[in-house]
Structures are given as structure tokens and as C-alpha cells.
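I opened my notebook to get to know a new structure, one look-up at a time. Here is what I went through, in the order I wrote it down.

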Amino acid sequence: MIFLSPSDYFNPKQVDEMYIEQAASLNNAGFNTAAICLESLGDNSPKISPSLPQNSEVVYRGWILSPSEYELLVNAVESAGAFPFTSQAEYLLTHYLPN
């Protein structure tokens, strides 16, 4: 399992400062972490650092995304050969009213 957080705007290889302590705690607990540049979600190759391991389960820990943004995130994770812990349908059911 790998935890994916938004990246710092000026340093896309580093986790955003709002999530850096959480990422450090996860690393200290033995989990892998990565950063994703949310601004690159619509690109053909979104920036994820480090690259996601093949067949890894990915938990997104970041800002609430719109349905279309989360769909782009799912596509980015799947195109990297990994799979999301929370599907698009599950995300919509738990983050948007009246669901």
C-alpha cells in the first residue's frame, strides 16, 4: 500500500507542506508515500514522485477533488499500473451530498 498526497506547487517531487507531517508519520510507520502534482492530472503523463510500484494499492490523502478531478486521479493511478483503494463510485458516495 502506498499513500499519495498532493505535491508542493514549486517542488512537484515533494509532498505539499499541509501533508508533509502526515507523510513523514506514514513513512516512520513503514508505509510508502508519493506525491502527485494535481495540476498535471490532465496531462498525458501526470507527475508522480516517486513512481508508483506496479500492482500497488494507492490511498489518496489530500484535498477534496471534484468528480472529474478524482476521475483523472484514478486514471493516473491506473495508467501507472497501480489501483486506487477508493474507486470513483466510492469517492462520490462518501464526499458529495446527497450521497
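**Entry 1: the largest pocket**

I started with the lining of the largest pocket, where E4 and H3 each supply at least two residues. A note to keep beside everything that follows: this is a predicted model. Which of the elements gives the most to this lining? I found that H3 does, with 3 residues. For the volume of the largest pocket I wrote down about 200 Å³.

Then I listed who lines the pocket: Tyr-19, Val-59, Tyr-60, Arg-61, Gly-62, Trp-63, Ile-64, Tyr-70, Thr-86, Tyr-91, Thr-94 and His-95. Sorted by class, the lining has 7 nonpolar, 4 polar and 1 charged residues.

**Entry 2: a cavity inside**

Next I looked for closed spaces. Rolling a probe the size of a water molecule over the atoms shows where empty space is left. How many cavities of 30 Å³ or more are there? The count comes to 1. I noted a volume of about 50 Å³ for the largest cavity.

Its lining is made of Leu-4, Val-58, Val-59, Tyr-60, Tyr-70, Leu-73, Val-77, Pro-84, Phe-85 and Thr-86. Strand E4 (57–60) and helix H2 (67–79) are the elements that give two or more residues to it. By class I counted 9 nonpolar residues, 1 polar and no charged ones in the lining of the largest cavity. I put a mark beside Tyr-70, which lines the largest cavity and also the largest pocket.

**Entry 3: aromatic rings**

Tyr-70 made me curious about rings. A pair of aromatic rings is described by the distance of the centres and the angle of the planes. I found 4 aromatic pairs in the model. In one of them, Tyr-9 and Phe-10, the ring centres are 5.1 Å apart and the planes stand at 90°, so the pair is edge-to-face. Are these two buried or exposed? Tyr-9 is exposed because its relative accessible area, 58%, is over the 50% cut-off. Phe-10, at 75% relative accessibility, is exposed as well.

The pair of Tyr-70 and Tyr-91 is stacked, with 3.8 Å from centre to centre and 0° between the planes. It links distant parts of the chain, since Tyr-70 sits in helix H2 and Tyr-91 in helix H3 (residues 88–95), 21 residues apart. I checked their accessibility too, and both Tyr-70 and Tyr-91 are buried.

**Entry 4: the nonpolar core**

How many residues does the largest nonpolar core have? I read 17, and those with the most contacts inside the core are Leu-4, Ile-36, Leu-52, Val-58, Tyr-70 and Leu-73. The elements that give two or more residues to this core are strand E1 (2–6), strand E2 (32–36), E4 and H2. H2 provides the largest share, 5 residues.

I picked Leu-52 for a closer look. Leaving aside residues up to four places away in sequence, Leu-52 touches Ile-2, Ala-34, Val-58, Val-77, Ala-80 and Ala-82.

**Entry 5: Val-15, a loop residue**

Where is Val-15 found? I located Val-15 in the loop between E1 and helix H1 (20–28). Val-15 counts as buried because its relative accessibility of 9% is under the 20% cut-off. Not counting residues up to four places away in sequence, Val-15 touches Ser-5, Pro-6, Ser-7, Asp-8, Ile-20, Ala-23, Ala-34 and Ala-35. For one of these, Ser-5, I also took the C-alpha separation from Val-15: 6.2 Å, with their positions 10 residues apart along the chain.

**Entry 6: the loop between E3 and E4**

Two backbone details went on this page. Pro-50 has its place in the loop between strand E3 (48–49) and E4, and the peptide bond from Ser-49 to Pro-50 is cis, with omega near -10°. Asn-55 lies in the loop between E3 and E4 too. Asn-55 is not a glycine, yet its phi is positive, about 60°. I noted a relative accessible area of 64% for Asn-55, so it is exposed.

**Entry 7: Ser-87**

My last stop was Ser-87, in the loop between strand E5 (83–84) and H3. At 28% relative accessibility, Ser-87 counts as partly exposed. Its C-alpha atom is separated by 27 Å from that of Asn-28, and the two residues are 59 apart along the chain.

Definitions and conventions
Residues are numbered from 1 along each chain as its sequence is written. This is a predicted model: local features need pLDDT of at least 70, side-chain atom pairs count only at pLDDT 80 or more; totals for chains, interfaces and linings use all residues. Side-chain values use heavy atoms; hydrogens and water are left out. On a 1 Å grid over the protein atoms alone, a cavity is a set of points where a 1.4 Å probe fits but cannot get out, and a pocket is an open set with protein on both sides within 12 Å along at least five of seven lines; lining residues have an atom within 4 Å of a point. Grid points are joined across faces, edges and corners, and a volume is the space filled by probe spheres set on the points. Helices (H or I, at least four residues) and strands (E, at least two) are DSSP runs, numbered from the N terminus. Ala, Val, Leu, Ile, Met, Phe, Trp, Tyr, Cys and Pro count as nonpolar, Asp, Glu, Lys and Arg as charged, and the others, Gly among them, as polar. Rings of Phe, Tyr and Trp (its six-membered ring) pair if their centres lie within 6.5 Å; planes under 30 degrees apart count as stacked, over 60 as edge-to-face and the rest as tilted. Buried means under 20% relative accessible area, exposed over 50%, partly exposed in between (1.4 Å probe, protein chains only). A nonpolar core is a set of buried Ala, Val, Leu, Ile, Met, Phe, Trp, Tyr and Cys residues joined through side-chain atoms within 4.5 Å. Contact means heavy atoms within 4.5 Å.
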